[in-house]
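Me: Could you take a close look at the aromatic side chains in this model, and at what lies around them? I would like one connected account.

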Amino acid sequence: MTDIDGLLAAYDEQMRGVPPTPPDGVTYEQDGPVLRIVGQFRGFVSAPPDVGLRGAELDRLIARQRDRFAARGEAVEWKTRGHDRPADLTARLRAAGFVPEEPETVLVGRAGQLVGAPVLPPGVALRRVTADVDLHRIAAMESAVWGQDWSWLAEDLSGRIAAAPEEIAVLVAEAGGEVVCAAWLVFREGTEFASLWGGSTLPAWRGRGIYRALVAARAELAVARGVRYLQVDASADSAPILRRLGFHAVTTTTPYVWSPPGA
């Protein structure tokens with residue numbers, strides 16, 4: 001087994017089961033081999049590497065997930081990985097009305113090798129935050145970066161912090177009282193993993209090492225908790241930076257999303 005094979009095996013075994021403690025109002029529903037997450041900004045389906053169903057049985061499983069959220073008038077995401085089985089899973093998702101979003105690279109790094117003193121440009125400081133006012137500032141920054149309404153993010157982060165503050169650490173990089181970048185670390189209790197999320201940076205502040213500094217700061221928090229691996233679903237912009245820092249690509253991931261008509 002190669003090093004990459006070992007990392008992928010650990011990821012599949014430890015990171016594709018039940019997620020962390022759900023926030024208030026979010027519920028988990030097991031449906032055969034998959035887990036539905038209901039009550040978030042949009043629904044989510046978590047599946048093992050092989051759902052174990054084929055043909056018409058798989059079609060019925062997919063349709064049940066779609067119809068569950070259709071009845072709620074909500075969108076739902078089924079996140080696939082490049083090595084998932086059966087091989088026609090994505091074709092069957094498309095046939096059921098799911099549409100692929102931009103693919104990402106699943107990267108895994110050893111937390112202890114990623115720790116280092118964060119190097120920030122002059123005038124920029126890192127701070128861990130929990131207050132609602134700061135979470136709304138993060139959501140406003142994300143909305144500006146992506147040109148979309150990310151106001152839901154403040155409630156999402158607040159709910160996670162309220163439900164299990166030990167399972168999430170939210171960091172901001174600030175300059176002159178402005179949030180210029182934000183990122184969070186999500187611990188997966190009972191595993192050797194924690195996940196890195198966020199990392200969006202305002203355009204005027206890119207290329208100055210802020211993203212790398214937030215990776216280092218979160219790696220330090222992870223190591224302090226005994227975490228062995230850090231995992232990221234990385235965009236095409238972030239993946240090269242993370243590879244240079246020592247992360248390894250283990251597979252790809254593509255969200256397949258069904259949305260209610262007219263949404």
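**Aromatic rings and their surroundings**

Reply: The charged end of Arg225 sits over the ring of Phe187, 3.8 Å from the ring centre. Arg208 does likewise with Trp205, lying over its face at 4.4 Å from the ring centre (for Arg, this needs CZ within 6 Å of the centre and within 35 degrees of the ring normal). A note before we go on: this is a predicted model, where local features need pLDDT of at least 70 and side-chain atom pairs pLDDT 80 or more, while totals for chains, interfaces and linings use all residues. Residues are numbered from 1 along each chain as its sequence is written, and side-chain values use heavy atoms, without hydrogens or water.

Now to rings that meet other rings. Searching the whole structure gives 4 aromatic pairs (ring centres within 6.5 Å; stacked if the planes are under 30 degrees apart). Phe41 and Trp152 are a stacked pair, because their ring centres are 4.3 Å apart and their planes meet at 10°. Phe41 belongs to the loop between strand E2 (34-38) and strand E3 (43-46), and Trp152 to helix H6 (residues 152-163), so this pair ties together parts 111 residues apart in sequence (elements are DSSP runs, at least four residues for a helix and at least two for a strand). Phe41 is exposed, with a relative accessible area of 52%, whereas Trp152, at 25%, is partly exposed (exposed is over 50%, buried under 20%, with a 1.4 Å probe).

Trp146 and Trp150 also stack, since their ring centres are 6.3 Å apart and their planes are at 15°. Trp146 is partly exposed, with 47% relative accessibility. These two pairs meet in a single aromatic cluster made of Phe41, Trp146, Trp150 and Trp152.

Phe41 and Trp152 both help line the second largest pocket. Its volume is about 210 Å³. Pro23, Asp24, Gly25 and Val26 are among the other lining residues, as are Gly39 and Gln40. Glu155, Asp156 and Gly159 line this pocket too. (A pocket is an open set of 1 Å grid points where a 1.4 Å probe fits, with protein on both sides within 12 Å along at least five of seven lines; lining atoms are within 4 Å of a point, and the volume is that of the probe spheres on the points.)

Technical notes: Rings of Phe, Tyr and Trp (its six-membered ring) pair if their centres lie within 6.5 Å; planes under 30 degrees apart count as stacked, over 60 as edge-to-face and the rest as tilted.
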